[in-house]
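Me: I am new to this structure and would like a close look at a single part of it. Could you walk me through the nonpolar patch on the surface, and then show me how the rest of the chain fits around that picture?

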Amino acid sequence: VQENAMATWHEVQDCVSGLTFKERLEADPRCTVSQEKLDEIFDPWDFLTRIDTVFDRLEQLEF
């Protein structure tokens, strides 16, 4: 995983087109995570499941 993450990070830092981190993991024969699990892990909507909680907490902040 680390090797794939670093390769992706270097491409991003160098503004070079390449595979996404997920695509690298899918192509790596050492990766034993199923396609279904990778899809679940990289589902962007999963990060939004607690968005209401975040905004509720922001509204409670006092400056």
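Reply: Happy to! The nonpolar surface patch is made up of W45, F47, L48, I51, V54, F55, L58, L61 and F63. Together these residues offer about 1,100 Å² of accessible area. Please keep in mind that you are looking at a predicted model.

Let's pick one member and zoom in. F47 sits in the loop that links α3 (35-41) to α4 (51-60). Its relative accessible area is 64%, and because the cut-off for exposed is over 50%, F47 counts as exposed.

Now step back to the whole chain. The protein chain has 4 helices and 0 strands, so reading along the sequence gives the pattern α-α-α-α. For a compact globule of 63 residues you would expect a radius of gyration near 11 Å, yet the protein chain has 17 Å. Its C-alpha atoms fill a box of roughly 50 × 30 × 15 Å along the principal axes. Of the 63 residues, 11% count as buried. The chain exposes about 5,700 Å², and carbon and sulfur atoms supply 57% of that area.

Charges are the other part of the picture. The protein chain carries 6 positive and 15 negative charges, and the mean positions of the two groups are 5 Å apart. The structure holds 6 salt bridges, and a few of them are worth a visit.

One of them joins the side chains of R30 and E3, at 3.3 Å from N to O. R30 belongs to the loop between α2 (21-27) and α3, while E3 is in helix α1 (residues 2-13), so this pair ties together parts that are 27 residues apart in sequence. Both ends are exposed: R30 has a relative accessible area of 56%, and E3 has 52%.

R30 also meets D28 in a salt bridge, with 2.9 Å between N and O. Through shared partners, salt bridges join E3, D28 and R30 into one network. D28 has 11% relative accessibility and counts as buried, in contrast to the exposed R30.

Another salt bridge links K22 and E26, whose closest N and O atoms are 4.0 Å apart. Both residues lie in helix α2, 4 residues apart, which is about one turn of the helix. K22 is partly exposed, at 23% relative accessible area, and E26 is likewise partly exposed, at 36%.

How values were computed. Residues are numbered from 1 along each chain as its sequence is written. This is a predicted model: local features need pLDDT of at least 70, side-chain atom pairs count only at pLDDT 80 or more; totals for chains, interfaces and linings use all residues. Side-chain values use heavy atoms; hydrogens and water are left out. Patches are made of residues with over 30% relative accessible area and no salt bridge: like charges are joined within 9 Å, nonpolar side chains (Val, Leu, Ile, Met, Phe, Trp, Tyr) within 5 Å. Accessible areas come from the Shrake-Rupley method with a 1.4 Å probe; for residues, only the protein chains shown count as cover. Helices (H or I, at least four residues) and strands (E, at least two) are DSSP runs, numbered from the N terminus. Buried means under 20% relative accessible area, exposed over 50%, partly exposed in between (1.4 Å probe, protein chains only). The radius of gyration is taken over C-alpha atoms; the globule rule is 2.2 Å times the number of residues to the power 0.38. Lys and Arg count as positive and Asp and Glu as negative; His and the chain ends are not counted. The place of a charge is taken as NZ of Lys, CZ of Arg, CG of Asp or CD of Glu.
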